Amino acid sequence: MVGSAIRDRFPVFRDKIYVNSCSQGALSDAVRGAYEEYLDGWDENGAEWEHWVERSEAARAAFAGLLGAAPDDVAIQTSVSAAVSGLISALQFRGERNRIVISENEFPTIGQIAHAQELRGAEVVQVGPDPESYAAAIDERTALVASTLVSYRTGAVHDVEAIYRLAREHGALMLVDGYQGLGAIPVEASRVGDAVVGGTVKYLLASAGLAFMALRPGLVEELVPVQTGWFADENVFDMQIARYRPHRSARRFDAGTPPVPNIYAGVAGVGLIAEAGVPAIQEHVRGLVERLLGGLDELGATVAAQPRGPLVAVRSTDAPALVDVLAADGIVASERDSNLRVSLHLYNTNDDVDAVLAALKRSPQLLR
């Protein structure tokens, strides 16, 4: 179910036109109900640890299904920052293989964590977002290659499969930050990288505080993180403190106490995505984006990158002012790097696109 068939499940549309899924997905009745279920259970039963752990495993299975992975290859974390920090703690940057290659389109999480490894001997190389630029920087010195799936700044969709081939050719690991696309773009984790990370606050329609990392089958056996926590142990409820005993699955990257309330919400949000089907969402969004691009062309507006995903970044002479113009018409959008960001998802309709275009038409001086 997409478009008008599902729209009434998102109360924000009663009063607003919401085109800001790149910042945060709209709140659904299912996610609100999941939080209420969590609170009711806590009220009625006190500590529900067995059920809470089961909910965590349900989330793991849901994320695995989204990415075509096995649940044992998926770690649950509180944020992409925490997941990537755990992953990179398992890597060594001594000797000749100490290079990390990232693109100029990465979210600050990836860039800042990469540069933090300079304290451990890493060399960080920043390149353009195209495979040719990556090819010039990836060699036998490269330990890790990182690429976003969709740029939060421009809306560009990276050719992560091509970049992954380059990484494999030189024996480097490939990390894909899927946060800006998972839920709106179909992704099979094993085809795009050794590790794929994402979270639930955007296109997966849940809240902040829940993230995941899918690892290539067999990779977990090669990685021993030194950033860890009690839920990463071989047997959590042994409560042992005698030695480091990481779990044999990707659970060794789970770290501390699971973010239980956010897990309830995450299962509900991903459930809505699974119900609609990511291919159907992609097709629906593609039609909306084409309508938006056609209208922008008529207005003489330009976009930062030709989008193949859900995010369109419109060049502006004053992007914050343009966000305010849309807000005055009840349209929720956002901006980055002098671009208005219009982000479309399963609940948006042609009428939403037309409303955005009508608002922009009234402020041509703010379009570049």
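Here's a quick tour of the packing and the salt bridges in this predicted model.

Let's start inside. The largest nonpolar core has 82 residues, and those touching the most other members are Phe63, Leu292, Leu296, Leu326, Leu340, Leu344 and Tyr347. Helix H9 (residues 278-299) puts in the largest share, eight residues. Take Leu292: beyond its neighbours within four places in sequence, it's in contact with Val312, Val342, Leu344, Val353, Val356 and Leu357. Another core, of 33 residues, lies apart from that one, and its members include Ile100, Ala146, Ala211 and Met213.

On the outside, Trp49, Trp230, Phe237 and Met239 make a nonpolar surface patch of about 420 Å². Trp230 sits in the loop between strand S8 (211-215) and helix H8 (260-276), and it's partly exposed at 34% relative accessible area.

Now the charges. The structure holds 20 salt bridges, and here are some of them:

| Pair | Closest N to O distance |
|---|---|
| Arg60 and Glu57 | 2.9 Å |
| Glu123 and Arg99 | 3.2 Å |
| Asp139 and Arg99 | 3.7 Å |

Arg60 and Glu57 are three residues apart in helix H2 (residues 49-67), so about one helical turn separates them. Arg60 is buried, with 1% relative accessible area, while Glu57 is partly exposed at 29%. Both belong to a salt-bridge network with Asp72, Arg251 and Asp254.

What about Arg99? It's buried, at 8% relative accessible area, and lies in strand S3 (residues 99-103), while its partner Glu123 is in strand S4 (residues 123-127), so their bridge ties together parts 24 residues apart in sequence. Glu123 is partly exposed at 31%. With Asp139, Arg99 pairs again; Asp139 counts as buried at 17% relative accessibility.

Note on methods:
Residues are numbered from 1 along each chain as its sequence is written. This is a predicted model: local features need pLDDT of at least 70, side-chain atom pairs count only at pLDDT 80 or more; totals for chains, interfaces and linings use all residues. Side-chain values use heavy atoms; hydrogens and water are left out. A nonpolar core is a set of buried Ala, Val, Leu, Ile, Met, Phe, Trp, Tyr and Cys residues joined through side-chain atoms within 4.5 Å. Buried means under 20% relative accessible area, exposed over 50%, partly exposed in between (1.4 Å probe, protein chains only). Helices (H or I, at least four residues) and strands (E, at least two) are DSSP runs, numbered from the N terminus. Contact means heavy atoms within 4.5 Å. Patches are made of residues with over 30% relative accessible area and no salt bridge: like charges are joined within 9 Å, nonpolar side chains (Val, Leu, Ile, Met, Phe, Trp, Tyr) within 5 Å. Accessible areas come from the Shrake-Rupley method with a 1.4 Å probe; for residues, only the protein chains shown count as cover. A salt bridge is a side-chain nitrogen of Lys or Arg within 4 Å of a carboxyl oxygen of Asp or Glu.
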